[in-house]
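User: Hey, can you walk me through this model before I head back to the bench? I'll just throw questions at you as they come.

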Amino acid sequence: MANAPAAGRPRSSAAQRLVAAFTESGCPVCRCLEADARRDLAAFLREQTMDPEGRAALRKAGGFCGWHTGLLPGATDGILSVALIAEGLLGPGAPGRVACPACATLRHRAEEYLRTLLEPAALAGAARGPGLPCRPHLRGLRSLVRDPARVTALDRAIAPQLARLRGALARFIAKQDYRSAEPPTAEEAEAWREALEHVAGRPGLFGSDLARG
C-alpha cells in the first residue's frame, strides 16, 4: 500500500502549481488558470490552425470567449495562426452565441484548483503569501464546498494577507500627500493593483455583466 502524502506536501500537480502561485502576488487560482489557458491556446495554435476540421469546429462554437481571445496574440510566436483563425470566424452564418471550447476544457481544472485551496499545503501557502485568492473564486469555493466549517481554515489563513494588503494600500495613499517626503515601497506601489484583483479577479477572466444581460 502506498504511503499517504506527508502533511503539508502538495498531493497533485494542480496543488503544486497552486502552492507555487501563492509565492507571487495576486490570486493564485487566477494565475494558474491563466497559465493553463495560455498553454492550451499555444497547443491549439500549433496543432489545429492548419487543420480545416479544427478551424471548422471552432467556427461552429462561435470562436473563443473574450478572455481567451485576448490571450491569443500572446500564445503564439507568429501572428499568422491568429489571423487564420480570425479569417475563419468572419465567414457568414456564425452562431449567435459563443460556446468557448477553451473554457470547457478549463472548467474541471478550475474546480480542482478551488478544492485544492483547502488542502494543508495550500493553506500553508496562503498563510505565507503574498498570494491572495480573489473574491469571485472564494465565492465559487463556498458554492462548491457546502460545509462552511471547511472554508473557515482558509479564511483564517488569508486574514494576515488581507491585513497586509490593507496596510500597504493605506500607506500608499498616505504617501500621496504632498507633505510626505517618503516614497512608496514597491509593495505599496502595487497594492492598488493587488486590491483590485482581489476584489474582481484577474482582468478579463470573469467577463462583464453586460454579456449576461
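**Salt bridges and the rest**

Analyst: Let's start with a charged residue: arginine 109 is buried, with a relative accessible area of 18%. Keep in mind that this is a predicted model.

User: What does arginine 109 form a salt bridge with?

Analyst: Its partner is aspartate 40, and the closest N and O atoms are 2.8 Å apart. Arginine 109 sits in helix α6 and aspartate 40 in helix α2 (residues 28–47), so the pair ties together parts that are 69 residues apart in sequence.

User: And aspartate 40, how accessible is that one?

Analyst: Aspartate 40 is partly exposed, at a relative accessible area of 23%. The cut-off for buried is under 20%, so aspartate 40 misses it, while arginine 109 makes it with 18%.

User: Why would side chains like that pair up at all?

Analyst: Side chains of opposite charge can pair when their charged atoms come close.

User: How many salt bridges are there?

Analyst: The count comes to 17. One of them joins glutamate 187 and arginine 171, at 4.0 Å from N to O. Glutamate 187 is in helix α10 and arginine 171 in helix α9, 16 residues apart, and the pair links distant parts of the chain.

User: Are those two buried or exposed, or something in between?

Analyst: In between. Glutamate 187 is partly exposed at 34% relative accessible area, and arginine 171 is also partly exposed, at 37%.

User: Which residues are in a salt-bridge network?

Analyst: Arg171 and Glu187 are both in one, linked with Arg164, Lys175, Glu182, Glu188 and Glu194.

User: What about a pair sitting within one helix, say arginine 193 and glutamate 190 in α10?

Analyst: Arginine 193 and glutamate 190 form a salt bridge whose closest N and O atoms are 3.5 Å apart. They are 3 residues apart in helix α10, so about one helical turn separates them. Arginine 193 is partly exposed at 46% relative accessibility, and glutamate 190 is partly exposed at 41%.

User: OK, switching to cysteines. How many disulfides does a search of the whole structure find?

Analyst: It finds 0.

User: Remind me what would count chemically?

Analyst: A disulfide is a covalent bond between the sulfur atoms of two cysteines.

User: So why is cysteine 27 not bonded to cysteine 30?

Analyst: Because the sulfurs are too far apart: cysteine 30 has the closest cysteine sulfur to that of cysteine 27, and the distance is 3.6 Å. The cut-off is within 2.5 Å. Cysteine 134 is in no disulfide either, and its nearest cysteine sulfur, that of cysteine 27, is 3.6 Å away.

User: Buried or exposed, cysteine 27 and cysteine 134?

Analyst: Cysteine 27 is buried, with a relative accessible area of 0%. Cysteine 134 is buried too, at 0%.

User: Cysteine 30 again: which residues does arginine 202 contact?

Analyst: Setting aside neighbours within four places in sequence, arginine 202 is in contact with Cys30, Arg31, Glu34 and Glu197. Arginine 202 lies in the segment after α10 (186–200), and it is buried, with a relative accessible area of 16%.

User: Got anything on glutamate 111?

Analyst: Glutamate 111 is found in helix α6 (residues 101–116) and is partly exposed, at 38% relative accessible area. Glutamate 111 and valine 29 are 82 residues apart in sequence, and their C-alpha atoms are 9.9 Å apart in space.

User: Now the helix packing. How do the axes of α7 and α9 cross?

Analyst: The axes of α7 (residues 120–128) and α9 (residues 148–174) come within 7 Å and cross at roughly 20°. That makes α7 roughly parallel to α9.

User: Which residues meet there?

Analyst: From α7, Leu123, Ala126, Ala127 and Arg128; from α9, Ala153, Leu154, Ala157, Ile158 and Gln161. By class, the contact has 7 nonpolar, 1 polar and 1 charged residues.

User: Zooming out, how many helices and strands are there?

Analyst: The protein has 10 helices and 0 strands. Its C-alpha atoms fill a box of roughly 65 × 55 × 35 Å along the principal axes, and of its 213 residues, 38% count as buried.

User: And contacts across the sequence?

Analyst: Taking contacts with a separation of 6 or more, 76% are between residues 24 or more positions apart.

Methods. Residues are numbered from 1 along each chain as its sequence is written. This is a predicted model: local features need pLDDT of at least 70, side-chain atom pairs count only at pLDDT 80 or more; totals for chains, interfaces and linings use all residues. Side-chain values use heavy atoms; hydrogens and water are left out. Helices (H or I, at least four residues) and strands (E, at least two) are DSSP runs, numbered from the N terminus. Buried means under 20% relative accessible area, exposed over 50%, partly exposed in between (1.4 Å probe, protein chains only). Contact means heavy atoms within 4.5 Å. Axes are lines fitted to C-alpha atoms, for helices over the stretch in contact, and angles run from 0 to 180 degrees between N-to-C directions. Angles under 35 degrees count as roughly parallel, over 145 as roughly antiparallel, 65 to 115 as roughly perpendicular and the rest as oblique. Ala, Val, Leu, Ile, Met, Phe, Trp, Tyr, Cys and Pro count as nonpolar, Asp, Glu, Lys and Arg as charged, and the others, Gly among them, as polar. A salt bridge is a side-chain nitrogen of Lys or Arg within 4 Å of a carboxyl oxygen of Asp or Glu.
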